[in-house]
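Open the viewer and get ready to select residues by number. This tour goes stop by stop. Each stop says what to pick and what is there.

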Amino acid sequence: GFVSGMGAATADGMYGCIAGLGLSAIADLMVAQSRWLMLIGGLFLCYLGVTTFRQKPAVEKSTVNLSPQGLSPQGAFKSYVSVLFLTLTNPLTIFSFLGIFSGLGLGQAEQNTQEAISLVLGVFLGSALWWLTLSTGVHYISRWFDMGKLVWLNRGSGVVISAFGAIALWRFWHLRGI
């Protein structure tokens, strides 16, 4: 969970960097292409939802093992990259960062580099701390879930993820004239 969360934190840091360093050309390009990002993100969410729905829970309960042997490099990389991609293509993430930073007056040309670096570091560390807290909390409550509950949790999560993908695709279809 934490490795996946670091993918999201990396994407958040990248958006913070775009906004914090005043890279308005990149931000404008992303807004201009938000419709296509919505399509890609929607398709990916539908794929992820179906995969999650069909996935069988692990037979053995996993334990927290922070050593490199606790998670295969391929599994860690796949988890990291999939969440990084999902977060980068999520239009809500893009618009949230643009709205927050422009509302706060951040990313302006007169902002100095030290302020921008502090902003980017703060965004990344805040997101990483959130994912550490979330994954640790899930670890501690996971002992209350048996195999049957985990199957239904996967199915419910798959339906919710697919629904978000369907909403993104619906919005893509209805915004085609924009």
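**Stop 1: one face of a helix**

Select P73, Q74, F77 and K78. These exposed residues sit on the face of α4 that is turned away from the helix's buried side. Keep in mind as you look that this is a predicted model.

Now widen the selection to residues 73-88, the whole of helix α4. The helix has 16 residues and reaches 22 Å from its first C-alpha to its last, close to the 22 Å expected at 1.5 Å a residue.

Next, colour A76, V83, L84, L86 and T87, which are buried in α4. They cover an arc of only 165 degrees around the axis, so they lie on the same side of α4.

**Stop 2: L84**

Stay in helix α4 and pick L84. Is L84 buried or exposed? Its relative accessibility is 15%, and because buried means under 20%, L84 counts as buried.

What does L84 touch, beyond its neighbours within four places in sequence? Show G7, A8, T10, A11 and M14: L84 is in contact with these residues. Then add A9 and draw a distance between C-alpha atoms. L84 and A9 are 75 residues apart along the chain, yet their C-alpha atoms are separated by 8.0 Å.

**Stop 3: the whole fold**

Zoom out and switch to a cartoon view. How many helices and strands does the protein have? There are seven helices and zero strands. Follow the chain from the N terminus and the elements run α-α-α-α-α-α-α.

Colour by burial next. Of the 178 residues of the protein, 30% count as buried. Turn on the surface as well. The protein exposes about 11600 Å², and carbon and sulfur atoms supply 70% of that area.

Contacts reach across the sequence. Take those between residues at least 6 apart in sequence: 91% of them join residues at least 24 apart.

**Stop 4: a nonpolar patch**

Keep the surface on. Select W130, L134, V138, I141 and W144. Together they form a nonpolar patch on the surface, with about 530 Å² of accessible area.

Click on V138 within the patch. V138 belongs to helix α6, which covers residues 113-141. V138 counts as partly exposed, because its relative accessibility is 45%.

**Stop 5: helix α7**

Go on to residues 147-174, which make up helix α7. Its 28 residues should span 40 Å at 1.5 Å a residue. The end C-alpha atoms are 40 Å apart, which agrees.

Which residues of α7 are buried? Highlight N154, G158, S162, G165, A168 and F172. These buried residues of α7 pack against α3, residues 34-54.

**Stop 6: the partner, helix α3**

Select α3 by itself. Its 21 residues should span 30 Å at 1.5 Å a residue, and its end C-alpha atoms are indeed 30 Å apart. The buried residues of α3 are S34, R35, L37, M38, G41, G42, F44, L45, G49 and T52.

**Stop 7: three residues along α7**

Return to α7 and start with M147, which lies in that helix. M147 counts as partly exposed, because its relative accessibility is 38%. Now draw a line from M147 to K56. The two are 91 residues apart in sequence and 9.2 Å apart in space, C-alpha to C-alpha.

Move to N154, also placed in α7. N154 counts as buried, because its relative accessibility is 17%. Show T52, F53, Q55, K56 and P57 around it. N154 touches these residues, not counting residues up to four places away in sequence. T52 may look familiar, being one of the buried residues of α3.

Finish at W170, again in helix α7. Is W170 buried or exposed? W170 counts as exposed, because its relative accessibility is 52%. Add M38, one of the buried residues of α3. W170 and M38 are 132 residues apart in sequence and 9.6 Å apart in space, C-alpha to C-alpha.

How values were computed
Residues numbered from 1 in each chain as written. Predicted model: local features only at pLDDT ≥ 70, side-chain atom pairs only at ≥ 80, totals over all residues. Heavy atoms only, no water. Helix = DSSP H or I, 4+ residues; strand = E, 2+ residues; numbered from the N terminus. Buried < 20%, exposed > 50% of the residue type's maximum accessible area, 1.4 Å probe, protein only. Contact = heavy atoms within 4.5 Å. Expected span 1.5 Å × (residues − 1). Arc of directions from axis to C-beta. Patch = residues over 30% accessible without salt bridge, like charges linked within 9 Å, V, L, I, M, F, W, Y side chains within 5 Å. Areas by Shrake-Rupley, 256 points an atom, 1.4 Å probe, with all protein chains shown as cover. Salt bridge = Lys/Arg side-chain N within 4 Å of Asp/Glu carboxyl O.
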